[in-house]
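Got your viewer open? Switch to the cartoon view, keep the sequence panel handy, and follow along.

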Amino acid sequence: MSAIDGAARHRAREAALQMLYQWEVGRVSAHEAVRTYWPGRDAPPSPEDEHADAVPDVVVDEIGRTYANALVKGTIERVTEADELIGAHLKNWRIERIAVIDRLVMRLAIYELLTEHGTPAKVIINEALELARTFSGEDPVPLINGVLDAVRKTLGRD
């Protein structure tokens with residue numbers, strides 16, 4: 001895969017999280033989530049849209065899309081392993097009780113901890129915390145941070 005900068009990786013992670021949410025809540029396949037996600041981002045705005053002339057804040061280029069799609073596929077393929085790691089580090093909680101988006105943030109980060117050995121663990125965890133803040137708020141951040149740090153230690157990642 002070609003090099004992808006930090007900001008582009010962040011945008012790709014945001015897109016991957018949204019596709020994972022569609023997969024989890026919409027009960028669609030990974031393929032379907034990816035297939036239906038991108039066309040909505042490429043469609044021109046309707047003439048009635050008051051923001052039709054606005055430049056989108058977030059643009060994911062082809063390299064970013066490839067990265068996002070790989071994150072979705074990989075996270076789904078290793079969801080059982082991620083859930084076992086999450087469950088092993090929850091104190092007085094069951095994974096089913098965690099909000100969907102928070103669970104998905106942790107699954108995505110764990111997939112990266114398992115496979116992205118070129119990315120420092122603290123970068124992966126910080127990205128997960130930023131995704132949680134953006135999509136869920138500040139409240140779940142300590143839980144997500146604690147679980148991911150414990151998983152990091154279990155995996156022997158620095």
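## Two helices side by side

Start by selecting α5 and α6: these two are roughly antiparallel to each other, because their axes cross at roughly 160° and anything over 145 counts as roughly antiparallel. This is a predicted model, by the way, so keep that in mind as you click around. The two axes come within 10 Å, and the crossing is right-handed.

Now show side chains where the pair meets. On the α5 side, pick I101, V105, L108, A109, E112 and L113. Across from them, α6 brings A121, I124, A128, L131, A132 and F135 to the contact.

## Along α6

Next, hide everything but α6, which covers residues 121–135. How far does α6 reach from its first C-alpha to its last? Put a distance label on those two atoms: its 15 residues span 21 Å, close to the 21 Å expected at 1.5 Å a residue.

Color the buried residues of this helix next: A121, I124, I125, E127, A128, L129, L131 and A132. Then bring the rest of the chain back and look for what covers them. The cover includes α1 (6–26), α5 (100–115) and α7 (141–155).

Before you leave, step just past the end of α6 to G137, which takes a positive phi of about 115°.

## Into the core

Time to go inside. The largest nonpolar core has 48 residues. Which residues have the most contacts inside this core? Select M19, W38, I86, I110 and L148 and you have them. Two or more residues apiece come from α1, α2 (30–42), α3 (62–77), α4 (79–88), α5, α6 and α7. The top giver is α5, with ten residues.

Keep L148 selected and show its neighbors. Leaving out residues up to four places away in sequence, L148 touches M106, A109, I110, L113, I125 and A128. You've already met A109, L113 and A128, since they also belong to the contact of α5 and α6.

## Zoom out

Finally, show the whole chain and color by element. What kinds of element do you find, and how many of each? There are seven helices and zero strands, so from the N terminus on the order reads α-α-α-α-α-α-α.

Two last things to look at: 42% of the 158 residues count as buried. And if you draw contacts between residues at least 6 apart in sequence, 73% of them join residues at least 24 apart.

Methods:
Residues numbered from 1 in each chain as written. Predicted model: local features only at pLDDT ≥ 70, side-chain atom pairs only at ≥ 80, totals over all residues. Heavy atoms only, no water. Helix = DSSP H or I, 4+ residues; strand = E, 2+ residues; numbered from the N terminus. Expected span 1.5 Å × (residues − 1). Buried < 20%, exposed > 50% of the residue type's maximum accessible area, 1.4 Å probe, protein only. Contact = heavy atoms within 4.5 Å. Core = buried A, V, L, I, M, F, W, Y, C linked by side-chain atoms within 4.5 Å. Axes fitted to C-alpha atoms, helices over the stretch in contact; angles between N-to-C directions. Parallel < 35°, antiparallel > 145°, perpendicular 65-115°, else oblique. Left-handed = near helix turned anticlockwise from the far one by under 90°.
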